[in-house]
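I opened the notebook and the viewer side by side today. Here is what I looked up, in the order I went through it.

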Amino acid sequence: MRLRALAEAGLMMGVAGLTACVAASLTTSMATSIAPGGAPLWPAPADDGAAVVGERRPRRRVLDLAVRSPALGRVAHVRLLLPRHWSRDAARTWPVLWLLHGALAGPDRHTAWSDHTDIEELTEDADVIVVMPDGGPSGTYTDWWNGGDGGGPRWETFHLAELRQILERGYRAGPDRAVAGNAMGGLGALAYAARHRGLFRAAASFSGPLHTLYRDPSGLDVADLVELGVATGAPSLDWTDVWGDPGEQRVVWRQHNPYDLADRLTGVRVHVSAGDGVPGAYDRARGRSGGDPVERLVHTVSQEFAGKLRKIGLPVSTHFYRGTHTWPYWRRELRAALPALLAEIV
C-alpha cells in the first residue's frame, strides 16, 4: 500500500504517541459496586462469560462500564447514556441507539461522541439508551481474519453478542435498535446492519468508507485506510490480519463490505453523509492546497454505496457537502440525522 504517500499527505499521526494515548484510555480505573453481602452488583454475564467488572457514574445520565471480554482477551470500556426514568430493575425495557467511533481523526474511544458532540443534550428527553462502545484503536468493527485462523480481536462478537447480551440482561436494553458511526464507525454501522439482518431498524454513516473494495489507481483506496488504521492503532500487527489481502482474500472482504451487502439492508432506514474534502465552514485553513484526501475518498465511496442502494430499489437519504474529515461536521450531521434514527425505534 502507500503509507509513505499517506504520511506525505499529513495523515500519519505519531504512532508511539497515539498508541500510548489509547493504552492509557483503556486502563482508566472504574469504581466497583459491592452489595452488603459482598457480592458484586453486576448483571448476568454473556453466554461466553463476558461480564461487567466495573462501573463508574461521572454524571447523572452517564454510566461507564468496564467489560471483561473473552472475544477481545482484555477489558474494554463502554459508555451508556441512560434515559431520564431508567432503572436497572424496571419492569420495562428501552430502545437502544448505538454510536460507533472512528479511528483516523484521533485516538478516539468510548467517550468520543460525548467528548466531541452534544449527544448528551440531544438525548436529554429521549426515551432511549445510547450505547457508545470501545471500537478499538484500529476501528475495523470486525472479527479479525488472522490468516484464516480466526481469534482475537473479535470486535463484532464483543459488540453484537457479548455486550448486547450484557445490556439486555442487566441494563434493560430492548429489541428496538438503531446504529450510527463516523469514519470507520460508519463502515461498522452499515456492515453490522447488513451482516445481522433484523438487528437494527435504522443505520447511518457519517464519512464512512462504505465500499471497501473501491480502487482508485491515482489516489487512496479504502484498503489504504484499513492499513493506516492498523499502522497507527496497532503498529505491531499486520494490517492483512483484518480481512486478508484485498486481492487474494477478496471473498472475505466482500463478506464485510457494505457495498456488496447492500441488498441485505431491506427494511433498514439508511442515511449516508460525507464531505467532499474541500475545507468548508468548520475549517480554519479553507485555502489549504490539496484538501482532505480521506474525506474525498469517503465522499466518493459513499456516493457509490448510495447509488447501489437506489439501483436495487432500496431507499436511502443522503447529505453530501463541502467539508473535511473532522468532528465539527460529524457533530452537525448527528444533529440532523438523530430525529430520523430515533423515529424508527422510539
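**Starting in the middle of the sheet**

I began with β5, where both faces are covered: I129, V131 and P133 are buried on one side, and V130 and M132 are buried on the other. I keep in mind that this is a predicted model. The alternation I saw fits the usual picture, because side chains in a regular strand alternate between the two faces of the sheet. Counting along β5 (residues 129-133), I found five of its five residues buried, so I noted the strand as mostly covered.

Next I asked myself which strands pair with β5. Strand β3 (residues 74-81) runs antiparallel to β5 and is joined to it by four bridges. Within that pairing, I found L80 bridged to V131. On the other pairing, β4 and β5 run in the parallel sense over three bridges. There I found W98 with V131 as its bridge partner in β5.

**From β4 to β6 and β7**

I followed W98 further and found that it also has a bridge partner in β6, namely V179. Six bridges join β4 to β6, and these two strands run parallel. How enclosed is β6 by the rest of the structure? Eight of its ten residues are buried, so I wrote it down as largely enclosed.

I then moved on to β7, which runs parallel to β6 and is joined to it by five bridges. A178 stands opposite A202 of β7. I traced the connection too: β6, helix α6 (residues 184-195) and β7 make a right-handed β-α-β unit.

**The whole sheet and its edges**

With those pairings in hand, I wrote out the full order. The sheet is open, has nine strands with mixed pairing, and reads β1-β2-β3-β5-β4-β6-β7-β8-β9. Which strands stand at the edges? They are β1 (51-59) and β9 (317-321); each has a single partner strand, so one side of each is left without a neighbour in the sheet. I also noted the twist, which averages 20° from one strand to the next.

At the β1 edge, I looked up the partner: β1 and strand β2 (residues 62-69) run antiparallel and are joined by six bridges. V52 stands opposite V67 of β2 there.

**Helix α10 across the strands**

I turned to helix α10 (residues 327-343) and asked which strands it lies across. My list reads β4 (94-100), β6 (173-182), β7 (202-206), β8 (269-275) and β9, and the helix runs at about 165° to β7.

**Aromatic pairs**

I counted eight aromatic pairs in the structure. The pair of W113 and W327 is edge-to-face, because the ring centres are 4.9 Å apart and the planes stand at 85°. This pair links distant parts of the chain: W113 is in helix α3 (residues 112-116) and W327 is in helix α10, 214 residues apart. I checked burial for both: W113 has 1% relative accessibility and counts as buried, and W327, at 7%, counts as buried too.

I then looked at Y282 and Y329, an edge-to-face pair with 5.0 Å centre to centre and 80° between the planes. This one also links distant parts of the chain, with Y282 in the loop between β8 and α9 (293-311) and Y329 in helix α10, 47 residues apart. Are these tyrosines buried or partly exposed? Y282 is partly exposed at 42% relative accessibility, whereas Y329 is buried at 0%.

I went back to W113 and W327 and found them in a cluster, where ring pairs link them with F206 and W330.

**Charges over rings**

I made two entries here. The charged end of R332 sits over the ring of Y321, 4.6 Å from its centre. The charged end of K308 sits over the ring of Y259, 4.3 Å from its centre.

**A last look at N257**

I finished with N257, which I located in the loop between α8 (250-254) and β8. Its relative accessibility is 0%, so I logged N257 as buried. What does N257 touch, leaving aside its neighbours within four places in sequence? I found contacts with L210, H211, T212 and L213.

Notes: Residues are numbered from 1 along each chain as its sequence is written. This is a predicted model: local features need pLDDT of at least 70, side-chain atom pairs count only at pLDDT 80 or more; totals for chains, interfaces and linings use all residues. Side-chain values use heavy atoms; hydrogens and water are left out. Two strands pair if DSSP finds at least two bridges between them. Axes are lines fitted to C-alpha atoms, for helices over the stretch in contact, and angles run from 0 to 180 degrees between N-to-C directions. Contact means heavy atoms within 4.5 Å. Buried means under 20% relative accessible area, exposed over 50%, partly exposed in between (1.4 Å probe, protein chains only). Rings of Phe, Tyr and Trp (its six-membered ring) pair if their centres lie within 6.5 Å; planes under 30 degrees apart count as stacked, over 60 as edge-to-face and the rest as tilted. A charge sits over a ring if NZ of Lys or CZ of Arg is within 6 Å of the ring centre and within 35 degrees of the ring normal. A crossover is right-handed if, with the strands pointing away from the viewer, the path from the first strand over the helix to the second runs clockwise.
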